[in-house]
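Colleague: I am new to this structure and would like to be taken through how some of its helices are placed. Could we look at it together and go step by step?

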Amino acid sequence: MLEKLRKAMKAADIDMLLIPSADPHGSEYPEEYFKARKHFSGFTGSAGTLLIWQGGAGLWTDGRYFIQAARQLEGSGIDLFKMREPGVPTVDEFIAENIKGGVLGADLRTISAHEGMELKNSGVTLKDCPKIIDDNWEGRPALSAEPAYVLPAELAGVSSSDKLGAVRAEMAKCDANACIFTDLADIAWLFNIRGNDVLYLPVALSYAIVEKQKAYVFMDAAKAAPIAAHLKALDTEILPYDAIYEFIDRYGEKDAVMCALSVLNYKLYQSIARCRVVDMDPVQLLKAVKNPVELENFRKTHIKDGVAVTRFMHWAKTHAKEGYTEMQAADVLEGFRKEQEGYMYPSFETIAGYGPHGAIVHYSATPETDIPVKPEGLLLVDSGGQYMGGTTDITRTIALGPVTKEEKQAFTIVLESMLALLTFRFPKGCAGFNLDAIARAPFWSRGMDYNHGTGHGVGYMLSVHEGPNGIRWQRRVKSEDAEFFPGMITSDEPGIYIEGGYGVRHENLMECVEAEPGSRYLEFRPITFAPIDLDAIDEDTLTETARLQLNAYHKEVYAKLAPHMGEEELVWLKEYTREI
C-alpha cells in the first residue's frame with residue numbers, strides 16, 4: 001500500500017506525503033470518508049500523523065497510544081515516533097530537517113491554518129494533492145448522507161437567534177464583516193441543530209459563515225432539508241457543502257474575517273490570507289459555559305448514566321466467575337445504557353481493558369485482542385454516552401475478585417488524586433494549569449506521574465472532548481490559559497498504568513460553580529454518580545481526608561441512584577456505598 005503511494009508521489013513530484021488524522025473541520029472523530037491515516041497506516045488510535053517518504057515512513061502519536069501503536073505498526077515499515085518524549089522531533093521538525101528544499105504533499109483541507117503557516121515559514125513548499133489519497137484508497141467510504149435535525153428549545157435553552165446576536169456582537173468589537181466556522185460542534189451549537197454524520201458525535205457535515213446581516217450554511221441539500229425552514233427563519237441561506245471554497249473568494253483586502261486559525265483548514269486560509277484575519281472563535285467560550293437549561297439536562301442525564309454504569313458494575317462483579325470477554329463486557333454496558341430514556345449511542349469507543357490491557361490508556365478490544373476476564377484482578381472501563389440532554393464520560397476500575405496489595409495501593413493513590421480535585425475550591429481567574437498539581441500531588445510526592453492530562457471539557461450533546469477548559473500541567477497551546485467559569489463541565493481522571501500488568505483510572509465529570517453566591521471563589525462539584533469499588537481500596541494507603549471525601553461522595557451516590565434501582569441492585573448499591 002505504501003509503495004503505491006510512493007509511486008504516485010514520485011509521479012506528482014512530491015518528496016513527502018503528510019496524512020494527519022484530521023478532516024476539513026479539525027474534528028477529533030473524523031467521518032469515515034476522511035480516515036486516510038487509519039487506512040494507510042493500520043493504526044486505529046484517534047490521534048496520530050502519518051508521514052511517508054521514498055526511504056521510509058513514520059507515525060507520530062502521543063502517550064495514550066504508545067503501546068497500541070507499537071503493536072499495530074509492527075512489520076508495517078512505519079516507524080513509531082513517540083510525541084513529547086526526549087529526543088523525539090515533532091513531525092514538523094522532522095519535515096523541515098529532512099525535506100531539504102523538496103515538496104510536501106497533503107490534502108490541504110486536513111491541515112490547520114496554523115500548521116500550514118508554520119510549515120511554510122520553515123521553508124517547506126506545500127502542494128495540495130487530495131487526488132493521490134483518493135486514487136490509492138480502494139473502497140473509500142462515501143460521505144455520510146444522514147439528515148440534520150433541529151434541537152428543540154427545551155433542550156437548547158437559548159435560541160439560535162440570540163446566539164447569532166452574540167457572535168455578531170463579538171464581530172463588531174473587531175470590526176469584522178464575516179466570521180467563518182468550520183468546527184462541526186460550533187456550527188451545531190450556533191444554529192441549534194444536530195446530525196448523525198460522525199461516529200460518537202451528533203453533528204452534521206457543514207461549514208458556516210456569519211455576516212453582519214445574513215448567514216450561510218454549507219451543507220448537502222438533502223441533509224439540510226429537515227432544517228431548511230429553521231435556517232430560513234434565521235435569514236440563513238443553505239449552499240452546497242463544497243461551495244465555501246469558491247464563496248470565500250468574495251472577501252478581499254478591505255475585509256476583516258474572523259476565524260479560529262487552529263481549526264480553519266489551510267486550503268480555506270489560502271483564500272482569505274489577503275484579508276485582515278482576526279484569529280478568534282467567538283463560540284468556543286459561549287459553548288463551554290452551559291446555560292441553565294443545559295446544566296439541568298446534564299444533571300438529569302448523569303443520573304440516568306450513573307444508573308446504567310452501576311448496574312453494569314454489579315453485573316461485572318457478580319458474573320466474573322461465569323466468565324465473559326472484554327467485548328462482551330462493553331456490549332453489556334451498552335445494553336444497560338440503551339434502557340435509559342433519551343440514550344442515542346456512545347460518546348466514544350468504550351475502553352474495557354482487563355489486566356494488562358488496562359495499562360493501554362486508549363485500548364479498544366478487537367476480535368483479535370479480546371480476552372476473557374478471570375475472577376481476579378482489575379477491569380478498567382472508560383465509557384460514555386450521547387443522550388438527548390447531555391454527554392457523559394466515566395471511568396470505573398472494578399475488582400473482579402482478589403487483587404494484589406500493589407494493585408490496591410495503585411487504586412487508592414489514583415482515588416486520592418481524583419477526590420482531591422473533585423470538590424476543590426479556588427479563586428476566580430484560575431486556569432487548568434493552575435489546578436493540575438492538586439491532582440498530581442499524591443503522585444509527585446511518591447515520585448510517580450501519569451502521561452496524559454488530568455481533565456478535559458465536555459460538550460452538551462456534542463464532543464466529549466471540548467475546549468477551552470482543561471486540566472494539565474504542561475501549557476502546550478494558548479487555549480490552556482483559559483480560566484474556569486461557572487457552568488463549565490470538566491473531567492477529573494488521573495491514572496496509573498503498569499505495562500504488562502494492570503491499569504487503574506477513576507473518572508468523574510465536575511461542574512464548576514460559585515462556592516457561594518457572589519463569592520470570589522469557585523469550586524467543582526461532581527455530576528457523575530456511580531460507586532467506587534470498595535473491594536480494591538487499600539486502607540493503609542487511604543488518607544483520612546480521602547476517606548471522608550469518599551464517604552461523602554458515596555452518600556450522594558446512594559441518594560441519587562437508589563430510587564432507580566431494582567431490589568437486588570439496591571442491596572448491592574447500599575453495600576458498595578457504605579461508610580468506611
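Colleague: At roughly what angle do the axes of helix α17 and helix α19 cross?

Modeller: Please keep in mind that this is a predicted model. Helix α17 covers residues 405-422 and helix α19 covers residues 544-561, and their axes come within 10 Å of each other. Since angles from 65 to 115 degrees count as roughly perpendicular, α17 is roughly perpendicular to α19. The angle at which the two axes cross is roughly 70°.

Colleague: Which residues in α19 are met by those of α17?

Modeller: From the side of α17, the contact involves Leu415, Glu416, Leu419, Ala420 and Leu422. By class, the contact of α17 with α19 has seven nonpolar, one polar and one charged residues. The residues in α19 that they meet are Ala546, Gln549, Leu550 and Tyr553.

Colleague: Is Ser417 buried or exposed?

Modeller: Ser417 is found in helix α17, and, leaving aside neighbours within four places in sequence, Ser417 is in contact with Ala439, Arg440, Pro442, Phe443, Tyr450 and Pro494. The cut-off for this class is under 20% relative accessible area. Because its relative accessibility is 0%, Ser417 counts as buried.

Colleague: How far apart are the axes of helix α8 and helix α9?

Modeller: Two packed helices are described by the angle between their axes and the distance between the axes. Here helix α8 (residues 160-173) and helix α9 (residues 184-191) pack at an angle of about 120°, which makes α8 oblique to α9. The contact is made by Ser160, Lys163, Leu164 and Val167 of α8, together with Trp189, Leu190 and Phe191 of α9. As for the distance, the axes are 7 Å apart.

Colleague: Why do the buried residues of α1 lie on the same side of that helix?

Modeller: In helix α1, which spans residues 2-11, the buried residues are Leu2, Leu5, Arg6 and Met9. An α-helix has 3.6 residues a turn, so residues three or four places apart point the same way. The buried residues of α1 are on the same side because the arc they cover around the axis is only 100°.

Colleague: Which residues are exposed on the other side of α1?

Modeller: The buried residues of α1 pack against β1 (16-20), α2 (36-41), β2 (49-53), β3 (56-61) and α6 (130-135). On the other side of α1, the exposed residues are Lys7 and Ala11.

Methods
Residues are numbered from 1 along each chain as its sequence is written. This is a predicted model: local features need pLDDT of at least 70, side-chain atom pairs count only at pLDDT 80 or more; totals for chains, interfaces and linings use all residues. Side-chain values use heavy atoms; hydrogens and water are left out. Buried means under 20% relative accessible area, exposed over 50%, partly exposed in between (1.4 Å probe, protein chains only). Helices (H or I, at least four residues) and strands (E, at least two) are DSSP runs, numbered from the N terminus. The arc is that of the directions from the helix axis to the C-beta atoms. Contact means heavy atoms within 4.5 Å. Axes are lines fitted to C-alpha atoms, for helices over the stretch in contact, and angles run from 0 to 180 degrees between N-to-C directions. Angles under 35 degrees count as roughly parallel, over 145 as roughly antiparallel, 65 to 115 as roughly perpendicular and the rest as oblique. Ala, Val, Leu, Ile, Met, Phe, Trp, Tyr, Cys and Pro count as nonpolar, Asp, Glu, Lys and Arg as charged, and the others, Gly among them, as polar.
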